[in-house]
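Let's take a walk through this structure together. We'll begin with one small spot and work outward from there.

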Amino acid sequence: MLIYDILPFCVQTQRLIKNTSALRFGILGAARIGPEALFKPAKTHPDVVVTAVACRDKTRGQQYAQKHDIPRTFSGPNAYHGKSLHIYAQKLVTDPDIDVVYIALPNGLHFEWTMRALEAGKHVLVEKPLTNTAEEARQIFALAEEKGLVALEALHTVFHPANHRVREIIQSGELGKVKSVVSHFIFPRFISPLFFEKDDVRFHYDLGGGSMTDLGVYPLAEIRFVTSSDTVPLEVISAKAVGHPKDPERIDRAMHIVYALPNTDATAEVNIDFSAPGWGPFGLLPRMMRIDATIKLEGGSIFIYNFVMPAAFHFIRVTPKKGSGRFEQVYTFKGGKGERSWSTYRYQLEAFVDKVRGRTPSFWHEPISSISELETVERVYTKAGMQPRPASAYKRQG
Ligand SMILES: NC(=O)C1=CN([C@@H]2O[C@H](COP(=O)(O)OP(=O)(O)OC[C@H]3O[C@@H](n4cnc5c(N)ncnc54)[C@H](OP(=O)(O)O)[C@@H]3O)[C@@H](O)[C@H]2O)C=CC1
Ligand SMILES: O=C1OC[C@@H](O)[C@H](O)[C@H]1O
């Protein structure tokens, strides 16, 4: 089970009549994230159909396709690795009946398969983090631009109106300048095995695992987005990693990071953990699951609870130093597209399709934001005394 499996997004499952020329998406990997990030949102988008999945294992691929109503399966052993063995994934990305490739593979494979899809002339929606290195991200956006294709890192949270509302409150100036931010994304140890597999892709260095690449990109994106500092890498003042038992030297189970926000003396502190131990005598008292951010400003504070899955439930508490506070919950944009039931992924899909269709999306997660996010991730690992995630061996073709 993963965190999104427990969310009540079922309201999104009503069926629509699709456009006859709807964009045909193919997913690489019979991935756990597929249903929440693409299949459910696609059900309410008239211009999206999911038509194919590539999977290493034939039986599992077929079961996945059947379960999620995906008409075509490309599968066979070792679909993603080796010179000739990647044939099934390559068949999907080069298939003339696919318009968009959705890359839901482990992080360390994102670069190669995004490049292969772009080389084949396909638009690409890539799971977060876009790549293992900032240089790889630059290559992706350069190729996408050269080919006139859309490539988007699926950093879905920044598409949701709740996070836009926090940014709007800060930008309005009602509470003055930002002084500090503190953010958490923490899974307590007692429930961690429910969300992460024993041998999870997140715990493999060669696959780009680690708490910073997996969990850390969310608080990082939130901090940068709400403080409008998402076009430059953040300076990392300090970063302390706790090693994961599977590979303690290279994989971080937890990270404590302090960033400097640009053009100000404000700092942002982040705590992330795949499996936070209990506290108190013998660590017997369990910790709470935490997904929140507190922004302190000159004139008060803003707290957002659940900036990662705000469609399930969230609240924004605004506490001015003078006067009374308030709570807000924001599920739609005023006068914009969207519905109460739309998840972060659904808003993201709307924007992605708008972009592919040549319309201006109401919001876009720009290439510069992805590149500078990855520069920051590299800085965090270096500061923490760990090797940044390894670059892919894949070289652009042609
Ligand atoms: N946007 C979001 O909210 C979320 C995003 N993610 C991101 O999505 C991506 C996939 O995560 P998730 O769905 O949890 O992952 P899964 O564990 O489901 O793995 C995804 C796919 O990767 C392939 N795979 C697994 N292990 C290996 C391996 N050792 N070598 C090569 N391929 C392998 C499998 O392909 P096959 O089916 O062919 O066996 C699998 O289907 C990650 O980048 C993650 O960061 C994840 C969760 C939430
Ligand atoms: O949304 C998420 O929550 C849990 C993580 O492990 C996952 O990769 C992430 O995207």
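Start with Asp69, which is exposed because just 10 other C-beta atoms lie within 10 Å, and a residue with 12 or fewer counts as exposed. Keep in mind that you are looking at a predicted model. Asp69 sits in the loop between α2 (58-67) and β3 (72-75). The backbone there is worth a look too: Asp69 has a positive phi of about 65°, although it is not a glycine. What makes that worth pointing out is that most residues other than glycine have a negative phi, and most peptide bonds are trans.

Phe282 tells a similar story. Its phi is positive as well, about 60°, and Phe282 is not a glycine. You'll find Phe282 in the loop between β10 (267-276) and β11 (290-297). With 7 other C-beta atoms within 10 Å, Phe282 is exposed.

For a backbone feature of another kind, go to the loop between β5 and α5, where Pro129 is found. The peptide bond leading from Lys128 to Pro129 is cis, with omega near -15°.

Now step back and take in the whole chain. The protein chain has ten helices and 14 strands. Its C-alpha atoms fill a box of roughly 60 × 50 × 40 Å along the principal axes. How does the radius of gyration of the protein chain fit with that of a compact globule? For 398 residues, a compact globule would have a radius of gyration near 21 Å, and the protein chain has 21 Å, so the two agree. Of those 398 residues, 47% count as buried. As for contacts with a separation of 6 or more, 68% of them join residues 24 or more positions apart.

The domain assignment splits the protein chain into domain 1 (3-155) and domain 2 (158-358 + 369-383). Taken over C-alpha atoms, the centres of domain 1 and domain 2 are 25 Å apart. The contact takes 36 residues from domain 1 and 29 residues from domain 2. On the side of domain 1 that touches domain 2, the elements giving two or more residues are α1 (34-43), β5 (123-127), α5 (134-147) and β6 (151-154). The largest share, four residues, comes from α1. Sorted by class, that side of domain 1 has 22 nonpolar, nine polar and five charged residues.

There is also an annotation to match up with the chain. UniProt, in an unreviewed entry, lists residues 165-278 as "domain: GFO/IDH/MocA-like oxidoreductase". Over residues 165-278, the chain is 25% helix and 34% strand, and the end C-alpha atoms are 34 Å apart.

So where does ligand 1 lie with respect to domain 1 and domain 2? Both domains give residues to the shell around ligand 1, so it lies between them. There are 24 residues around ligand 1, and those that come nearest are Gly29, Ala30, Ala31, Ile33 and Glu127. By class, the shell around ligand 1 has 15 nonpolar, three polar and six charged residues.

Let's finish with a few buried residues. Leu118 is part of helix α4 (residues 110-119). Is Leu118 buried or exposed? Leu118 is buried, because 26 other C-beta atoms lie within 10 Å, and 20 or more is what it takes to count as buried. Setting aside neighbours within four places in sequence, Leu118 is in contact with Val124, Leu143, Ala144, Lys147, Leu149 and Ala151. Ser21 is 97 residues from Leu118 along the chain, and their C-alpha atoms are separated by 21 Å.

Phe159 lies in the loop between β6 and α6 (161-172). Phe159 counts as buried, with 26 C-beta neighbours inside 10 Å. Beyond neighbours within four places in sequence, the contacts of Phe159 are Thr344, Tyr347, Gln348, Ala351 and Phe363. Phe159 and Val126 are 33 residues apart in sequence, and 15 Å apart in space from C-alpha to C-alpha.

Last comes Met309, found in the loop between β12 (300-305) and β13 (315-320). Met309 is buried, with 22 other C-beta atoms within 10 Å. Along the chain, Met309 and Ser343 are 34 residues apart, while their C-alpha atoms are separated by 7.4 Å.

Note on methods: Residues numbered from 1 in each chain as written. Chains lettered and ligands numbered in written order. Predicted model: local features only at pLDDT ≥ 70, side-chain atom pairs only at ≥ 80, totals over all residues. Near = placed C-beta within 6 Å. Nonpolar A, V, L, I, M, F, W, Y, C, P; charged D, E, K, R; others polar. Domains from an automatic or database assignment. Contact = placed C-beta atoms within 7 Å. Rg over C-alpha atoms; globule rule 2.2 N^0.38 Å. UniProt positions renumbered as here; feature names shortened; annotations may be inferred.
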